[in-house]
Amino acid sequence: MKDDRPEQRTVVEHLARTLARGLVIAGGSFWLIATFGVPLVYHDAATIDASVGMWPFLAVLVILVIGWKYERLAAVLLVAASVAVVAWGLIYQWEQGVWIVMAAVLVAPMALAAILFTLSARAEERRRDAADEEDSAA
């Protein structure tokens, strides 16, 4: 048997999956820190206002769980979330500084994670197809 069997995952595939999951976890961590940090920084802000940040954190957890098995669905959800953040900015007419921050901490990482999830799913399909062809040839 060959050493480069199609069933084996490459280092690049492992790296793409790990980076995609890491970006999603980093996004969840950002929202968790932001949620509990608001009352500490803005002393007049109510805790109820800060709890709004828990919804994106919960969405991140759902996407992470889905992405562990269904990478394409996670990619679609991340693209939808990126579009939702842009729509949110357009509706509330963010200032330039807010756009820069949101693009850096939300839109770009979600879009990058979506791309990495999609690439991982494609590599998995190619490996599965190659294994099926090898099995049918044998």
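Reader: Which relative accessible area counts as buried here, and where does Arg 17 fall?
Author: Buried means under 20% relative accessible area. The model is predicted, and in it Arg 17 is found in helix 1. Because its relative accessibility is 6%, Arg 17 counts as buried.

Reader: Which residues does Arg 17 touch, leaving out those up to four places away in sequence?
Author: Arg 17 is one of the helix 1 residues that make the contact with helix 5. Ser 120, Glu 124 and Arg 127 belong to the helix 5 side of that contact. With residues up to four places away in sequence not counted, Arg 17 touches Arg 9, Glu 71, Ser 120, Glu 124 and Arg 127.

Reader: What secondary structure does the protein chain have, and in what pattern?
Author: The protein chain has five helices and zero strands. Read along the sequence, the pattern is α-α-α-α-α.

Reader: Are helix 1 and helix 5 roughly parallel or roughly antiparallel?
Author: The axes of helix 1 (residues 11-41) and helix 5 (residues 96-137) come within 8 Å and cross at roughly 150 degrees. Angles over 145 degrees count as roughly antiparallel. Therefore helix 1 and helix 5 are roughly antiparallel.

Reader: What is the handedness of that crossing, and how do the residues of the contact of helix 1 with helix 5 divide?
Author: Helix 1 passes helix 5 in a left-handed crossing. On the helix 1 side the contact includes Leu 19, Leu 23, Phe 30 and Trp 31, and on the helix 5 side it includes Leu 112, Leu 116 and Phe 117. The residues of this contact divide into 15 nonpolar, one polar and five charged.

Reader: How are helix 1 and helix 3 oriented, roughly parallel or roughly antiparallel?
Author: The axes of helix 1 and helix 3 (residues 54-69) come within 8 Å, and the angle at which they cross is roughly 165 degrees. The crossing is left-handed. With the cut-off at 145 degrees, the angle makes helix 1 and helix 3 roughly antiparallel.

Reader: Which residues meet in the contact of helix 1 with helix 3, and how do they divide?
Author: From helix 1 come Arg 21, Val 24, Ile 25, Gly 27, Gly 28, Trp 31, Leu 32, Thr 35 and Phe 36. They meet Met 54, Pro 56, Phe 57, Val 60, Leu 64, Gly 67 and Trp 68 of helix 3. The division is eleven nonpolar, four polar and one charged.

Reader: Is Gly 28 buried or exposed, and what is the C-alpha to C-alpha distance between Gly 28 and Val 60?
Author: Gly 28 lies in helix 1 and counts as buried because its relative accessibility is 2%. Not counting residues up to four places away in sequence, Gly 28 touches Phe 57 and Val 60. Gly 28 and Val 60 are 32 residues apart in sequence, and their C-alpha to C-alpha distance is 5.5 Å.

Reader: Where is Ala 80, and what does Ala 80 count as by relative accessibility?
Author: Ala 80 is in helix 4 (residues 71-92). Its C-alpha atom is separated by 9.4 Å from that of Ala 111, 31 residues apart along the chain. Because its relative accessibility is 42%, Ala 80 counts as partly exposed.

Reader: What share of the accessible surface of the protein chain belongs to carbon and sulfur atoms?
Author: Buried residues make up 30% of the 138 residues in the protein chain. The accessible surface comes to about 9400 Å². The share of that surface belonging to carbon and sulfur atoms is 69%.

Key
Residues numbered from 1 in each chain as written. Predicted model: local features only at pLDDT ≥ 70, side-chain atom pairs only at ≥ 80, totals over all residues. Heavy atoms only, no water. Axes fitted to C-alpha atoms, helices over the stretch in contact; angles between N-to-C directions. Helix = DSSP H or I, 4+ residues; strand = E, 2+ residues; numbered from the N terminus. Parallel < 35°, antiparallel > 145°, perpendicular 65-115°, else oblique. Left-handed = near helix turned anticlockwise from the far one by under 90°. Contact = heavy atoms within 4.5 Å. Nonpolar A, V, L, I, M, F, W, Y, C, P; charged D, E, K, R; others polar. Buried < 20%, exposed > 50% of the residue type's maximum accessible area, 1.4 Å probe, protein only. Areas by Shrake-Rupley, 256 points an atom, 1.4 Å probe, with all protein chains shown as cover.
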